[in-house]
Amino acid sequence: MADSAELRVGDQTINLPIIEGSEGERGLDISKLRSQTGLITLDPGYGNTGSCQSAITFIDGEKGILRYRGIPIEQLAEKSTFLEVAYLLIHGKLPTQAELEEYVGSITLHTMLHEDFRSFFGALPKDAHPMAACSAAVGALSTFYPDSLDPSDERQLEISIHRLIAKMPNMAACAYKHSIGQPLIYPRNDLSYAANFMHMMFATPCEHYEVDPVIEKVLDLLLILHADHEQNCSTSTVRLVGSSMVNLFASVSAGINALWGRSHGGANQEVIEMLARIRDEGITTKQFVDRAKAGDDNARLMGFGHRVYKNFDPRMKIIKKACFDVLEKLGVRTKLLEIAVELEEIALKDDYFVERKLYPNVDFYSGVIYNAIGTPANMFTAIFALGRLPGWIAQWSEMHDDPAFKIGRPRQIYTGETMSDYVPIEKR
Ligand code: SDX
């Protein structure tokens, strides 16, 4: 196959090298385009533009393939645990038993928050969205740990990574507890990562709280499924912010804000609100789909569509199965799941969606599970952020280790006013 492409501009012809990845993906290297031709490229939304070469996650949108460090998501979902997946993404290999025990032990010992965080959360309005609270709290970590902010210091970076992974579930739970006026709950070192989060979310000082193992397992699975997804919006945000050499906490705080958007991670909250609206307004799923097709922005079929997956989202298949399993085990019957299944069936047969290659994505069924295990809708995206954290960290670290690393600074095509003089106010 060709290893370069010819570009003819006027009477100039240049060769652009073609780079090929380990899975056969090919890309034009345009890093010398402007210096050779004076031209830049334009690609709103970066649908055709690679920002980096990465060895962390591979997605094939046509075949519905997702692999973390080469391992299929289906195998990790069945056999791994979230902290083992975090280790895999960040360190590039599965840990040995000893490495995993040390990793889990270290993270467990960092789950407590500085006591001043109690007044931090106490200062927030009761109705503060958990994503706002989490991005603020993660950003504030850089004020509590000024000794570990240097992105180029291995030791400082390692402790920051462990603190982040350990403390984010605590922060998310604090945001929730503060919003319902309940005491903030300390983490417990005898619980797993997922169980500890559920404990901090739902325990109270008044009585013993036992985490249902069914819930513990499905939450761990959901965290695995959300752990990384190559150069999505929030990951690209973490990379771009991190490229300025700011610390990891500030970079992840920016990523949390990007994830919050309804076109991205915020969609999981929008999906459950959409399902509840259909249930409560008594409209049929067909009526809703017709509104979505008509381009009614209040009726966009949330949880459908994806920039990369044009066939199916492998994560959705796993989550949909888990939905049925968990609701049956918990003895929960919910109209929301029935509505979701109906919407999927109608949309997948409708030319509007088929022609645009719109399929259910990771957010379509996840909220049904979060709802069934008792989490409020405004916490769904915060749980997505807990899952995505190791991916953000791995991608940020890979960027810093990349020999081609430099600050991200895109160009533009200027379309504004040509040169004009300042007009004194008396002459305007
Ligand atoms: C995530 O990038 C990632 O990997 C993200 C993610 C991750 O793990 O990090 O996978 C997580 O963010 C999943 C996506 C969650 N968002 C939603 O579910 C929100 C609903 N979906 C969309 O808004 C949309 O599909 C996007 C944002 C996901 C993708 O947008 P694109 O690729 O820019 O596609 P588009 O908006 O240009 O849509 C193409 C066409 C348009 O119609 P036409 O202008 O061609 O007539 O499809 C239509 C859109 O109007 N369309 C929809 C639709 N999504 C797209 N129509 C109805 N319902 C929808 N959900």
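At 43% relative accessibility, lysine 357 counts as partly exposed. The residue sits in the loop between helix H16 (351–355) and helix H17 (363–372), and its phi is near 55 degrees, a positive value in a residue other than glycine. The model is predicted. The points below cover the chain as a whole, its nonpolar core, one enclosed helix, and several individual residues in loops and in the segment after the last-named helix, H18.

**Overall form**

- The chain has 18 helices and six strands. Its radius of gyration is 23 Å, close to the 22 Å that the globule rule gives for 428 residues, so the chain is as compact as a globular protein of that length.
- Along the principal axes, the C-alpha atoms fill a box of roughly 80 × 65 × 55 Å.
- Of contacts between residues at least 6 apart in sequence, 69% join residues at least 24 apart.

**Burial, surface and charge**

- Of the 428 residues in the chain, 47% are buried.
- The exposed area of the chain is about 21,500 Å², and carbon and sulfur atoms supply 52% of that area.
- The chain carries 43 positive and 56 negative charges, and the mean positions of the two sets are 3 Å apart.

**Nonpolar core**

- In soluble globular proteins, nonpolar side chains tend to be buried together.
- The largest nonpolar core in this model has 117 residues. Ile165, Phe197, Met274, Leu275 and Leu343 are the residues with the most contacts inside that core.
- Leaving aside residues up to four places away in sequence, leucine 275 touches Leu336, Ile339, Ala340, Leu343 and Val368. One of these partners, Leu343, is itself listed with Leu275 among the residues with the most contacts in the core.

**Helix H3**

- Helix H3 covers residues 82–91, and nine of its ten residues are buried, so the helix is largely enclosed by the rest of the structure.
- The buried residues of H3 are Phe82, Leu83, Glu84, Val85, Ala86, Tyr87, Leu88, Leu89 and Ile90. The list includes a glutamate, Glu84.
- Glycine 92, just after H3, takes a positive phi of about 85 degrees.

**Positive phi outside glycine**

- Most residues other than glycine have a negative phi.
- Glutamate 230 has a positive phi, near 45 degrees. Its place is the loop between helix H9 (213–225) and helix H10 (233–242). With a relative accessibility of 22%, glutamate 230 counts as partly exposed, since burial requires a value under 20%.
- Lysine 357 also has a positive phi, near 55 degrees. At 43% relative accessibility this lysine is partly exposed, because the exposed class begins over 50%.

**Exposed residues and sequence separation**

- Arginine 333 belongs to the loop between helix H14 (314–330) and helix H15 (335–348). Its relative accessibility is 73%, so arginine 333 counts as exposed.
- Between arginine 333 and glycine 387 there are 26 Å in space, C-alpha to C-alpha, for a separation of 54 residues in sequence.
- Glutamine 412 lies in the segment after helix H18 (380–401). Its relative accessibility is 59%, so glutamine 412 also counts as exposed.
- Glutamine 412 and glycine 38 are 374 residues apart in sequence, while their C-alpha atoms are 13 Å apart in space.

Notes:
Residues numbered from 1 in each chain as written. Predicted model: local features only at pLDDT ≥ 70, side-chain atom pairs only at ≥ 80, totals over all residues. Heavy atoms only, no water. Core = buried A, V, L, I, M, F, W, Y, C linked by side-chain atoms within 4.5 Å. Buried < 20%, exposed > 50% of the residue type's maximum accessible area, 1.4 Å probe, protein only. Contact = heavy atoms within 4.5 Å. Helix = DSSP H or I, 4+ residues; strand = E, 2+ residues; numbered from the N terminus. Rg over C-alpha atoms; globule rule 2.2 N^0.38 Å. Areas by Shrake-Rupley, 256 points an atom, 1.4 Å probe, with all protein chains shown as cover. Lys, Arg positive; Asp, Glu negative; His and termini not counted. Charge placed at Lys NZ, Arg CZ, Asp CG, Glu CD.
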